[in-house]
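Here is a friendly briefing to read alongside the model. Take a look at the fold first, then follow the notes by topic.

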Amino acid sequence: DVCFRSADDADFTVVDYIYQHPSLKELELDRDEVEKTLDGLGFTDDSPANKKSCVGTLSGGWRMKLALARAMLLKADILLLDEPTNHLDAYNVKWVEDWLTSLEGVTAVMVSHDSGLLDRVCNNILQIEDLKLHLHKGNLSAFVKKRPDCKSYFELKSEKFKFKFPNPGRLEGINSLGKKILSMNNITFTYPGAPKAQLNNVSVQVSLGSRVACVGVNGAGKSTMIKLLTGELEPDAGSGEVWKHPNCRVGYIAQHAFHHIEKHLEKTANEYICWRYRNGNDREELKKITNLVNEEDMEAMKKPVRVEWFDDASGEPTSALKVIEELTEGRRENKQAKDQEYEVVLKGSKVGGNIQFWCLRKNLIKGGWEKVVKDVDNRIATRAAMFANPLTQVNVKKHLADVGLEEEFSTHMQIGALSGGQKVKVVLAAALWNRPHILILDEPTNYLDRDSLGALAGAIREFEGGVVMITHNSQFCDDLCPVVWHLENHTLNVKGDATWMNQEKLEDEKQVLTAVDKFGNTIEIKKKLSAKEQKKRDKLRKKINKQRKKQGLDPLDTDDDDF
């Protein structure tokens, strides 16, 4: 992968990054040869990444192609490749395979968990077992014939160990796996200075039953879309909205997973998780751009907002326009308004006074307090998870063991000394500590060995929350995800039959009518379905339960009227 030795490296253009490599400087390469090699790898003027692009802006796939370009230009006798297909889409994996098999007079030694690559490219397998190297002639299939106990290289399951994800718990108002808890509607996003939008009118939604694979070629905008969904980026002004259930917790692992821990390499994994959640909040969450109040927000927040309280003298509820100083972490349901309301401190008053002032969520958002409201929601949701599992070294040690990191590596070894696969487990454990309802994984299969991949797949199948993942591992995608978000030409196509899609069809087919009785009360009347409509609903029910069974979930236990 392309590693930055300093922050300045990320500012180099693609061409300059090639030239500043010490070994390539000595070769005094012809510029035409460099540009021809880069063109062959797709760094053309009309591609998402061109020769003038800054390296720091490249996606993981394009960074990997840049690293391969340097390897090609070195014209080495021996190539040492560490996970050369990480981040690459199927088209570019095929290109790497063809390039490696076409080399003459070159020895390639590679570390890879890509079983297809090892099977199609390698003619010798070096196995490390009991601290010794064992050479086996032939490709991976020939090796597995000799060693049937190593068949996990071709299967997404592990017999050695398993991962266990924490139960996220219930969400208020969410009574089905298909009801949305996270969504984007008509989102458009343009990078600053870019001539056209990276994403156009993207709409998606995620539920507790979601198992979604996000696919597309390198540079299509997959990671950008995920960052918009998680609040790492803000959509273009006026393009739509990103919505999240107030109590929903989201666990997120970025494409370059190690960036989560790069400033904590001197800590142990246990110490890192304790640091990250020490004050009852997720410090990663607090850094998001959608949580940072800017000057425009501050100006809006100076204006009066309608606030409610109980008048001491009359004992009656009253309301008035008041200027709010801050929000506490008090929140409650207002059933009459069918909205949540938040405890506020008025300008000039003190926290914890005799009178409690409350403001409806919709009024706060209209008054410019949306980012503060979301921050309060995140704090309340995170602390709810803390009550279920207190932040102690013993609990964190057990939690890390649940994702395959033993005490020796989790508590007694610094993160900087861990392998790539072990670091991924640290990042995964940290994302899972707050017991997320939605787990979002950007290239989760990178650096993990086959047994860990199998354990991860098993945990995803059993997880009681929703999962969205970007992956170029077709086996991982096909086995786990009935729904696919396909990004192409800056737009999104949803493929598959999502649980929430089926659930919404059922909701539409309940055929509930409303009427008003003689006392003025609104009542619901359920229309009796025709034989054809009933047959259609039964078929849909079977389809949902089949999908739930595949995910390891119990079938919905509902009668005909309420289903």
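**A strand and its nonpolar patch**

L126 is found in strand β3; strands (E, at least two residues) and helices (H or I, at least four) are DSSP runs, numbered from the N terminus. This is a predicted model, where local features need pLDDT of at least 70, side-chain atom pairs count only at pLDDT 80 or more, and totals for chains, interfaces and linings use all residues. Residues are numbered from 1 along each chain as its sequence is written, and side-chain values use heavy atoms, leaving out hydrogens and water.

**Surface patch**
- With a relative accessible area of 53%, L126 is exposed (exposed is over 50%, buried under 20%, partly exposed in between; 1.4 Å probe, protein chains only).
- L126 joins I128, L133 and L135 in a nonpolar surface patch of about 470 Å².
- Two elements give two or more residues to this patch: β3 (124–129) and β4 (132–137).
- Patch residues have over 30% relative accessible area and no salt bridge (a side-chain nitrogen of Lys or Arg within 4 Å of a carboxyl oxygen of Asp or Glu); nonpolar side chains (Val, Leu, Ile, Met, Phe, Trp, Tyr) are joined within 5 Å, like charges within 9 Å.

**Cysteines**
- The structure holds zero disulfides, meaning pairs of cysteine sulfur atoms within 2.5 Å.
- C359 is buried at 0% relative accessible area, whereas C54 is partly exposed at 33%.

**Whole chain**
- The protein chain has 20 helices and 20 strands.
- Buried residues make up 48% of its 563 residues.

Note on methods
Accessible areas come from the Shrake-Rupley method with a 1.4 Å probe; for residues, only the protein chains shown count as cover.
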